[in-house]
Amino acid sequence: MNYRAWSTGLFLAASIAAAEAGTAYDFDGDGKADPSVYVRESGMWHWLASAAGSIQNQALGWAETRPVPADYDGDGKTDFAVYHRQTGTWYILCSSIQAMRIVPFGWDAAHPVAADYDGDGKADMAVYYRDAGLWHILQSSTFTLRTVQFGFRDGRPIPADFDGDGKADFAVFYRNTADWYVWSSAQNQMLTGRFGSRTSRPVPADYDGDAKADPAVYEAASGTWSIRSSRTGAINSVVFGSAQGRPVPADYDGDGKVDPAVYNRMTGYWSILQSSNNTVRSLWFGSQNTLPIPACADGGREGLVCMAFGDSITYGGGSSSDGPATGYPILLERILEAEFGGHFITANEGIPGEDSGEGASRFSAMLAADNPDVVLLMEGTNDNLYDDAAGWLEPNLRYMVGLALSRGIQVVIGTIPPVISNEYRDRSAQMANIMAFNPRIYSIAADYGIPLAPVFESITSVPGWDRALMDQPSANHPNDAGYRVVRDAFFHAVASGIESGLFY
């Protein structure tokens, strides 16, 4: 793509649009982005108000809501807002009137992508449905629904105003090839190009102050920012960050230019490269595992494609839907987005009744179909119906782990969940086999250097687990409460991988 063409005499109104637009993450309205974090478990927002120089707090949200801050009322201040994917509901605290708006707009499979698509100075509630590449926008200027098809299944939404007309453009980023696809609202045409690599993440923003978002990428392994100026077309690269740093660019110094910045979730430490004087501002603001609010900006900066692979326990058997709608993969996807922001996908590749040999035979095809960043592997319940299962189960698991790693795909392996004996079933022999084999899961994880999700241990550590967490008629599936425990076991493993820089 010739990005230089984007900045050559296109829009006389660009400076006006820049003056009227509010600054992202500016909760006090002084024209400077405020460092801010969100605590998922409590739904608490904390921000360092640049106008007053003091720490402020706001309660809005709960464990499964995702922050979607933006200026929805057009008063120049960022409004606190959360989105609940399970119900497709927006909760917006309008700063202009200090009143809550609750709007049902979306559904479980759609991801929030709020931005000002109609150019009226107010952010529009919007969702993106990845399977069809569909954008649904509730336009604040007309209170009407707009639906646009732009994107594809593996594209990550990265809406931004690339052409400087004051309207956010539909845009997606394809991580495999680092291809950008942008529908310019001013030119009414698609712009495409390649910028970055598979391991880089898009961080488009107005870094040069011309009221146009610049294509930019961040390479976590080296902490390198590469920014293509929409004003000049030149690429500026700067090393500023680390594998543990999450990119959180915003205009923190109020000069009209977005500053490269990183946040370390393990320490709550911010590092900001201020464009006004080219100095580094460092501060501790947050605590371990708090979400930096700018991580929620779009679907390209954060997020992973996880492939949950296994048998009926991966599929969701024994849950209230007896299938994927209430299985652990979708529960994990929701909580990852609430914890980290961005655009997480957890593909459910569970097959009821499958043993590890059948799993190994289809594993390669599923890797090709889903192209995941991480595999969540939990297989072996059905193998352990037989006393000699260890003879083939361990080689099959090692084959699948090795194949994924050979393709550059990380793996989290789960211990085999427990089964029970009750008035419906006698699974005592199967349980004994599972308990005998699970130490081999630890050996596999250690040998390959991969994270382990202690599913068996997490379930059995709950008092009365055999009644409280297990589906009684089948005696070998968790119930809804049990699947939440399975979710948490994988969540902690994936979260640790993200925070350490292993998964990116």
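Two residues are taken to be in contact when their heavy atoms lie within 4.5 Å. On that basis, the predicted model shows helix α4 meeting helix α5 through S356, G357, G359, A360, F363, S364 and L367 in α4, and through W392, L393, N396, Y399, M400, L403 and A404 in α5. Classified by residue type, this contact of α4 with α5 comprises 9 nonpolar and 5 polar residues, and no charged residues. The two helices pack at an angle of about 10 degrees, their axes being 9 Å apart; since angles under 35 degrees count as roughly parallel, α4 and α5 are therefore described as roughly parallel to each other.

Helix α4 itself spans residues 356-370 and bends by about 45 degrees at R362. At the start of this helix, a side-chain oxygen of D355 reaches to within 3.1 Å of the backbone nitrogen of G357, while just after α4 the residue N371 adopts a positive phi of about 45 degrees. The buried residues in α4 are S356, G359, A360, R362, F363, M366, L367 and D370. An α-helix has 3.6 residues a turn, so residues three or four places apart point the same way. The cover over the buried residues of α4 includes, besides α5 (390-406), the strands β25 (305-310), β26 (345-350) and β27 (374-378).

A further site is found at E302, which is placed in the loop between β24 (291-292) and β25. With a relative accessible area of 2%, E302 falls under the 20% limit and is therefore counted as buried. Its side chain makes a polar contact with the side chain of R246, at 2.9 Å. Leaving aside residues up to four places away in sequence, E302 touches R156, R175, R246, P247, A295, F340, G341, G342 and H343, so that R246 appears both among the residues touched by E302 and as its partner in the polar contact.

Another buried position is I434, located in helix α6, which comprises residues 428-448. The relative accessibility of I434 is 0%, and this residue therefore counts as buried. When residues up to four places away in sequence are again not counted, I434 touches N384, I416, P417, V419 and F456. In addition, I434 and D387, although 47 residues apart in sequence, are 9.8 Å apart in space as taken from C-alpha to C-alpha.

Key. Residues numbered from 1 in each chain as written. Predicted model: local features only at pLDDT ≥ 70, side-chain atom pairs only at ≥ 80, totals over all residues. Heavy atoms only, no water. Bend = angle between axes of the 7 residues up to and from the residue. Helix = DSSP H or I, 4+ residues; strand = E, 2+ residues; numbered from the N terminus. Buried < 20%, exposed > 50% of the residue type's maximum accessible area, 1.4 Å probe, protein only. Polar contact = N/O pair within 3.5 Å; in protein donor to acceptor, adjacent residues only side chain to side chain. Axes fitted to C-alpha atoms, helices over the stretch in contact; angles between N-to-C directions. Parallel < 35°, antiparallel > 145°, perpendicular 65-115°, else oblique. Nonpolar A, V, L, I, M, F, W, Y, C, P; charged D, E, K, R; others polar.
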